[in-house]
Amino acid sequence: MATDQHAYPVDVVHAAVGTEPLDEATARGAVDAPDAGAVVLFSGVVRDHDGGRGVSRLSYTAHPTAQNTLRTVVETVIAEHRASQPASERAMRVWIAHRVGDLKVGDAAFVCAVSAAHRGEAFRLCSDLVDRVKAEVPIWKEQFFDDGGTEWVSALG
């Protein structure tokens, strides 16, 4: 562990882009630890509407670089937190994944779990990870509407 006053250990237990269904309980369990007083879980779930239209399903497509970009984004956000946030009392843990392929309403498309000694640091890191992954990882979604229409939407941003 570094001796810098702002450094703290962050264990990235999982960071992936893939086709397997995402399970929030798996993410939470992977970051849970006796020294973690807070576990924050974000789950982006396919909803049944968008812009006043009914959505029947989504299909996510990732650029071949998405996996590497995800890992780079996670490492960058962690480094920024180390530089700007007070040192954590204990290790922090991260589990993050984005699903690609066909998803139905109710499926988890994006899950991020962060554990930390305290809630503030867990919330900050989880929120920043989610925002940056959505802004920087090249993943796009095609929405299929109840009326038979489709629309491509960048998952970036």
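In the predicted model, Arg53 is positioned over the face of Phe145, 3.7 Å from the ring centre. A second arrangement of this kind involves Arg57, whose charged end sits over the ring of Phe144 at 3.6 Å from its centre.

Contacts between aromatic rings were examined separately. A pair of aromatic rings is described by the distance of the centres and the angle of the planes. A search of the whole structure returned one aromatic pair. This pair consists of Phe42 and Phe110 in an edge-to-face arrangement, with 5.8 Å from centre to centre and 70° between the planes. Distant parts of the chain are thereby linked, as Phe42 belongs to strand S2 (residues 38-45) and Phe110 to strand S7 (residues 108-116), 68 residues apart. Phe110 is buried, with a relative accessible area of 4%, whereas Phe42, at 30% relative accessibility, counts as partly exposed.

Helix H2 comprises 19 residues (residues 66-84), for which a span of 27 Å is expected at 1.5 Å a residue; the end C-alpha atoms lie 27 Å apart, in agreement with this value. The buried residues of H2 are Ala66, Leu70, Val73, Val74, Val77, Ile78 and His81. Viewed down the axis of H2, these buried residues fall within an arc of 125° and therefore line one face of the helix. Asn68, Glu75 and Ala83, on the other side of H2, are exposed. The packing partners of the buried residues of H2 are strand S1 (10-18), strand S4 (53-62), strand S5 (92-99), helix H3 (119-136) and strand S8 (139-145).

Note on methods:
Residues are numbered from 1 along each chain as its sequence is written. This is a predicted model: local features need pLDDT of at least 70, side-chain atom pairs count only at pLDDT 80 or more; totals for chains, interfaces and linings use all residues. Side-chain values use heavy atoms; hydrogens and water are left out. Helices (H or I, at least four residues) and strands (E, at least two) are DSSP runs, numbered from the N terminus. The expected span of a helix is 1.5 Å times one less than its number of residues. Buried means under 20% relative accessible area, exposed over 50%, partly exposed in between (1.4 Å probe, protein chains only). The arc is that of the directions from the helix axis to the C-beta atoms. Contact means heavy atoms within 4.5 Å. Rings of Phe, Tyr and Trp (its six-membered ring) pair if their centres lie within 6.5 Å; planes under 30 degrees apart count as stacked, over 60 as edge-to-face and the rest as tilted. A charge sits over a ring if NZ of Lys or CZ of Arg is within 6 Å of the ring centre and within 35 degrees of the ring normal.
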